[in-house]
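I opened my notebook to get to know a new structure. Here is what I looked up, entry by entry.

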Amino acid sequence: MQINPNQFLPPRRPLPVIVLADVSTSMEGEKITTLNAALVEMHQKFQTVHDTRSEIHTAIITFASNAQQILSLTPVENVKIPTLAAGGTTAMGAAFNIALQLLQDEQQMPKRSYLPTLVLVSDGQPNDDWEEALQKLLDSERGKRAVRLAIGIGDDCGFDVLKRFVNHPEIPVVRATEVSKLMDFFRIVSMSVMARSVAQNPNSTSNFPLHLLNDDDDDLPFD
């Protein structure tokens with residue numbers, strides 16, 4: 001009988017990646033098409049990671065006139081990325097509430113999970129009660145320790161809101177003057193998660209590749 005050496009290893013610990021995606025009307029056209037392509041590419045990259053300790057899990061929360069979790073936290077090898085469609089307003093606060101519920105849901109995110117990465121994508125201003133919802137997310141045990149990344153698309157984006165979401169002195173909010181920067185941003189997200197997944201301690205924020213966030217990079221401006 002052939003013995004599989006991996007059967008004697010402890011179960012891999014989930015490394016959660018949660019995307020909060022603006023799908024309001026202003027995201028129609030090239031923006032939503034590019035976002036869909038970026039999510040697919042990110043998951044293709046995640047599927048190349050094979051580590052005996054960690055296992056990347058992903059979830060997607062969308063927000064427009066309301067917010068919903070359209071993908072439960074799922075191991076990347078089992079993920080089928082849904083195609084996002086745009087339409088409606090910008091209920092970002094509702095998305096923060098759902099993200100908090102997810103972080104506290106031990107069925108989706110067991111206690112043994114590594115610290116999550118939260119990724120916020122938006123091109124507009126929230127039009128619901130977002131401040132209290134964001135503060136509750138940031139005050140939560142997992143929310144305040146998570147790696148939080150954000151990209152704002154265009155000049156009409158609520159960059160002050162995104163800065164409060166990230167709330168980290170060394171991690172800037174990405175300012176995308178062109179829609180194509182979405183692909184670059186998600187490539188950085190992919191590299192940061194993949195770096196954490198194979199690190200000695202995936203919970204350490206020192207594993208975040210800050211060198212990728214280069215303020216002097218003309219191809220990817222940051223704020």
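In what order do the six strands of the open sheet lie? I had a predicted model in front of me, and I read the order as β3-β2-β1-β4-β5-β6, with mixed pairing. I then looked for the edges and found β3 (67–75) and β6 (174–176), each of which pairs on one side only. From one strand to the next, I noted an average twist of 15°.

Next I picked one pair of strands. Strand β1 (residues 13–22) runs parallel to strand β2 (residues 54–63), and 10 bridges join the two. Within this pair I found Leu20 opposite Ile61 of β2.

Then I turned to a helix that packs on the sheet. Helix α5 (residues 159–166) touches β4 (117–122), β5 (147–153) and β6. I wrote down an angle of about 170° between the direction of α5 and that of β5.

I followed the chain into the loop between α5 and β6, where I came across Asn167. Asn167 has a positive phi of about 50°, although this residue is not a glycine. Is Asn167 buried or exposed? Asn167 counts as exposed because its relative accessibility is 53%, and the cut-off for exposed is over 50%.

My last stop was His43, in helix α1 (residues 30–46). His43 has a relative accessible area of 2%, so I put it down as buried; the cut-off there is under 20%. Which residues does His43 touch, leaving aside those up to four places away in sequence? I listed Thr58, Val76, Val79 and Ile81.

How values were computed: Residues numbered from 1 in each chain as written. Predicted model: local features only at pLDDT ≥ 70, side-chain atom pairs only at ≥ 80, totals over all residues. Heavy atoms only, no water. Helix = DSSP H or I, 4+ residues; strand = E, 2+ residues; numbered from the N terminus. Buried < 20%, exposed > 50% of the residue type's maximum accessible area, 1.4 Å probe, protein only. Contact = heavy atoms within 4.5 Å. Pairing = 2+ DSSP bridges. Axes fitted to C-alpha atoms, helices over the stretch in contact; angles between N-to-C directions.
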